[in-house]
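Hi,

Here is the structure I promised to pass on. Have a look at it first, and then read my notes underneath.

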Amino acid sequence: MFAAENGLKGDPRLEAISQAIRVVPHFPKKGIMFQDITTLLLDHKAFQDTVDIFVDRYRNMDISVVAGIEARGFMFGPSIALAIGAKFVPLRKPKKLPGKVICEEYELEYGTDCLEMQVDAVQPGDRALIVDDLVATGGTLSAAIRLLERMGAQVVECGCVVGLPEVKVIDT
């Protein structure tokens with residue numbers, strides 16, 4: 001679900017957030033239109049509005065865990081977690097977390113990758129929100145959902161700053 005479809009259509013914050021995200025053609029490879037959220041982070045008001053929109057949506061959903069996907073989910077997840085009174089759980093690339101972890105592999109256009117989570121990070125019955133910067137194909141988010149569900153958490157929703165309803169490749 002996109003913000004505009006969730007009662008925010010016409011909200012001026014959405015246009016400002018969209019304008020704050022730089023699009024970089026052909027990065028990291030030809031044909032990709034990279035959505036660079038680092039420019040959003042440089043715009044204090046747009047960054048605050050982004051976090052506020054998430055907080056407004058999730059404040060009353062009894063979320064106990066906000067899981068952020070490495071690395072850009074780490075930029076929004078902790079602020080959202082603090083504001084709604086939830087714990088923050090990092091979902092990381094392999095061999096980045098100490099202690100016992102579980103791993104979930106997922107497909108990429110050019111191979112596979114893996115997300116890891118510490119086994120004691122969530123408890124059965126936790127209500128989880130997964131946060132990342134962008135959803136395109138949904139492969140990373142699907143792996144994150146499987147990780148949390150394997151530990152008994154209920155994934156309430158996934159929230160992303162940028163949603164690509166269609167993955168577009170440009171020719172040049």
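Below is what I found, going from the core to the helix packing and then to the backbone.

Bear in mind throughout that this is a predicted model.

Let's start inside. The largest nonpolar core has 23 residues, and the members that touch the most others are L40, V66, F76, I80 and I84. Who supplies it? At least two residues each come from α1 (12-20), α3 (44-58), α4 (73-84), β7 (127-135) and β8 (154-163). The largest share belongs to α3, with 6 residues.

V66 is a handy residue to centre your view on. Not counting neighbours within four places in sequence, V66 is in contact with G77, I80, A81 and I84, then with A86, K87, F88 and V89, and also with L129 and V131. There is a second core too, separate from that one: it has 21 residues, L91, Y106, A144 and A153 among them.

Next, the helices. I looked at two pairs, and α3 is in both.

Take α3 with α4. Their axes come within 9 Å and cross at roughly 50 degrees, an angle that falls between the cut-offs of 35 degrees for roughly parallel and 65 for roughly perpendicular. The two helices are therefore oblique to each other, and the crossing is right-handed. On the α3 side you'll find F47, T50, V51, F54, V55 and Y58, which meet M75, F76, S79, I80, A83 and I84 of α4. Sorted by class, this contact has 10 nonpolar and 2 polar residues, with no charged ones. F76, I80 and I84 may look familiar, as they were on the list of core residues that touch the most other members.

Now α1 with α3. Here the axes are 9 Å apart and the angle is about 130 degrees, so this pair counts as oblique as well. What is the hand of the crossing between α1 and α3? This one is left-handed. From α1, the residues R13, L14, A16, I17 and A20 meet A46, D49, T50, D52, I53 and D56 of α3. By class there are 6 nonpolar residues, 1 polar and 4 charged in the contact of α1 with α3. T50 is worth clicking on: this α3 residue meets α4 and also meets α1.

Finally, some backbone spots to check. Most peptide bonds are trans, and most residues other than glycine have a negative phi. Four places go against that pattern.

Two of them are cis peptide bonds. One runs from F27 to P28, with omega near 5 degrees, and P28 sits in the loop between β1 (22-25) and β2 (33-36). The other joins E70 and A71, with omega about -5 degrees; A71 is in the loop between β3 (65-69) and α4.

The remaining two are non-glycine residues with positive phi. H26 has phi near 60 degrees and is in the loop between β1 and β2, the loop that also holds P28. Is H26 buried or exposed? Neither, quite: its relative accessibility is 29%, so H26 counts as partly exposed. D62 has phi near 55 degrees and is found in the loop between α3 and β3. Because its relative accessibility is 60%, D62 counts as exposed.

Cheers

Methods
Residues are numbered from 1 along each chain as its sequence is written. This is a predicted model: local features need pLDDT of at least 70, side-chain atom pairs count only at pLDDT 80 or more; totals for chains, interfaces and linings use all residues. Side-chain values use heavy atoms; hydrogens and water are left out. A nonpolar core is a set of buried Ala, Val, Leu, Ile, Met, Phe, Trp, Tyr and Cys residues joined through side-chain atoms within 4.5 Å. Buried means under 20% relative accessible area, exposed over 50%, partly exposed in between (1.4 Å probe, protein chains only). Helices (H or I, at least four residues) and strands (E, at least two) are DSSP runs, numbered from the N terminus. Contact means heavy atoms within 4.5 Å. Axes are lines fitted to C-alpha atoms, for helices over the stretch in contact, and angles run from 0 to 180 degrees between N-to-C directions. Angles under 35 degrees count as roughly parallel, over 145 as roughly antiparallel, 65 to 115 as roughly perpendicular and the rest as oblique. A crossing is left-handed if the near helix is turned anticlockwise from the far one by less than a right angle, and right-handed if clockwise. Ala, Val, Leu, Ile, Met, Phe, Trp, Tyr, Cys and Pro count as nonpolar, Asp, Glu, Lys and Arg as charged, and the others, Gly among them, as polar.
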